[in-house]
Amino acid sequence: MPKHTKISVYLLFAVSFLPAATAWSHHANSAEFRVGSVEIDRPWARATIGKGRVGVAYMNLNNAGKNSDRLIGAKTPVAEHASLHTHIMDGDIMRMRPVDAIPVPAGGTAVLEPGGLHIMLMRLTNKLKQGEKFPLTLIFETAGTVTVDVVVKSATAKSSKDMHHHGG
């Protein structure tokens, strides 16, 4: 077979996989992490400021199953302790309170976001730096355990969609 024909065959072969690879890539990004019927979407944290020894992680927990589940714990090598929290109004003051579990309703979503449910990371072993990632293991009552990569956003980020800002 002439050399240019071999190259054409290889190129045709490689190009034939492009649509499948693109579809797989898009599908892989539609639900970043999954355990059982629970998809963990866009886990993120804010960068810590100064000597910041406390961090917070947020995400969406989507339950495609027919049975409810509960997030009952978390752990990470970047903190000595991780715990589940919520914010409540105490008179005119918003206070954080630990919770035993975060319900993930069947066919529904538990939203962990600033001002609401979240995962507190206590006694950080390192600062959380914008642009970096760290592993966070989530423990569900029924679905089991999964480790996700948490993306560190700016210290002022309000959601996972906030883009990185350069120079300030």
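The legends below describe close-up views of a predicted model.

**View 1. The aromatic pair of Trp 44 and Tyr 58.**
A search of the whole structure finds one aromatic pair, and this pair is formed by Trp 44 and Tyr 58, whose rings are tilted with 35° between the planes and lie 4.7 Å centre to centre. The pair links distant parts of the chain, since Trp 44 belongs to strand β2 (residues 38-46) and Tyr 58 to strand β3 (residues 54-63), 14 residues apart. Both partners are covered in the model: Trp 44 is buried, and Tyr 58 is buried as well. The backbone places these two residues together too, as Tyr 58 is the bridge partner of Trp 44 in β3, within an antiparallel pairing of β2 and β3 that extends over six bridges.

**View 2. Strand β3 and its partners.**
Strand β3 is mostly covered, with nine of its 10 residues buried. Besides its antiparallel pairing with β2 over six bridges, β3 runs antiparallel to β9, to which four bridges join it, and Val 56 stands opposite Met 120 of β9. Four bridges also join β3 to strand β8 (residues 109-112), again in the antiparallel sense, and here Leu 61 stands opposite Ala 110 of β8.

**View 3. Strand β4 between β7 and β10.**
Strand β4 (residues 69-75) pairs in the antiparallel sense with strand β7 (residues 102-104) over three bridges, and Asp 69 stands opposite Val 104 in β7. Strand β4 also runs antiparallel to strand β10 (residues 133-140), the two being joined by four bridges. In this second pairing, the bridge partner of Ala 74 in β10 is Leu 138.

**View 4. Two nonpolar cores.**
In soluble globular proteins, nonpolar side chains tend to be buried together. The largest nonpolar core of this model has 31 residues, and those with the most contacts inside it are Ile 40, Leu 61, Ile 119, Leu 136, Leu 138 and Phe 140. A second, separate core has five residues, among them Val 56, Tyr 58, Met 120 and Ala 157. Tyr 58 of this second core is also a member of the aromatic pair with Trp 44, while Val 56 and Met 120 stand opposite each other in the pairing of strands. For Leu 136, leaving aside residues up to four places away in sequence, the residues touched include Ala 57, Met 59, Ala 74, Ile 119, Leu 121, Val 146, Val 148 and Val 150, and also Lys 75, Thr 76 and Thr 147.

**View 5. The surroundings of His 85.**
His 85 lies in strand β5 and counts as buried because its relative accessibility is 9%, which falls under the 20% cut-off. The side chain of His 85 makes a polar contact with the side chain of Ser 83, at 3.3 Å. Not counting residues up to four places away in sequence, His 85 touches Met 96, Arg 97, Pro 98 and Val 99, together with Gly 116, Leu 117, His 118 and Met 120. Among these neighbours, Met 120 is also included in the second nonpolar core.

**View 6. The salt bridge between Glu 80 and Arg 123.**
Side chains of opposite charge can pair when their charged atoms come close. The structure holds five salt bridges, and one of them is formed by Glu 80 and Arg 123, with the closest N and O atoms 3.0 Å apart. This pair links distant parts of the chain, for Glu 80 lies in strand β5 (residues 79-90) and Arg 123 in strand β9 (residues 118-124), 43 residues apart. Glu 80 counts as exposed because its relative accessibility is 53%, over the 50% cut-off, whereas Arg 123, with a relative accessible area of 44%, is partly exposed.

**View 7. Two further salt bridges, Arg 34 with Glu 39 and Asp 90 with Arg 95.**
The side chains of Arg 34 and Glu 39 meet in a salt bridge, with a distance of 2.4 Å from N to O, and Arg 34 is partly exposed, having a relative accessible area of 47%. In the salt bridge between Asp 90 and Arg 95, the closest N and O atoms are 2.7 Å apart. Both of these residues are partly exposed, Asp 90 at 36% relative accessibility and Arg 95 with a relative accessible area of 31%.

Notes: Residues are numbered from 1 along each chain as its sequence is written. This is a predicted model: local features need pLDDT of at least 70, side-chain atom pairs count only at pLDDT 80 or more; totals for chains, interfaces and linings use all residues. Side-chain values use heavy atoms; hydrogens and water are left out. Rings of Phe, Tyr and Trp (its six-membered ring) pair if their centres lie within 6.5 Å; planes under 30 degrees apart count as stacked, over 60 as edge-to-face and the rest as tilted. Buried means under 20% relative accessible area, exposed over 50%, partly exposed in between (1.4 Å probe, protein chains only). A salt bridge is a side-chain nitrogen of Lys or Arg within 4 Å of a carboxyl oxygen of Asp or Glu. A polar contact is a pair of N or O atoms within 3.5 Å; within protein, one must be able to donate a hydrogen and the other to accept it, and residues adjacent in sequence count only if both atoms are side-chain atoms. Contact means heavy atoms within 4.5 Å. A nonpolar core is a set of buried Ala, Val, Leu, Ile, Met, Phe, Trp, Tyr and Cys residues joined through side-chain atoms within 4.5 Å. Two strands pair if DSSP finds at least two bridges between them.
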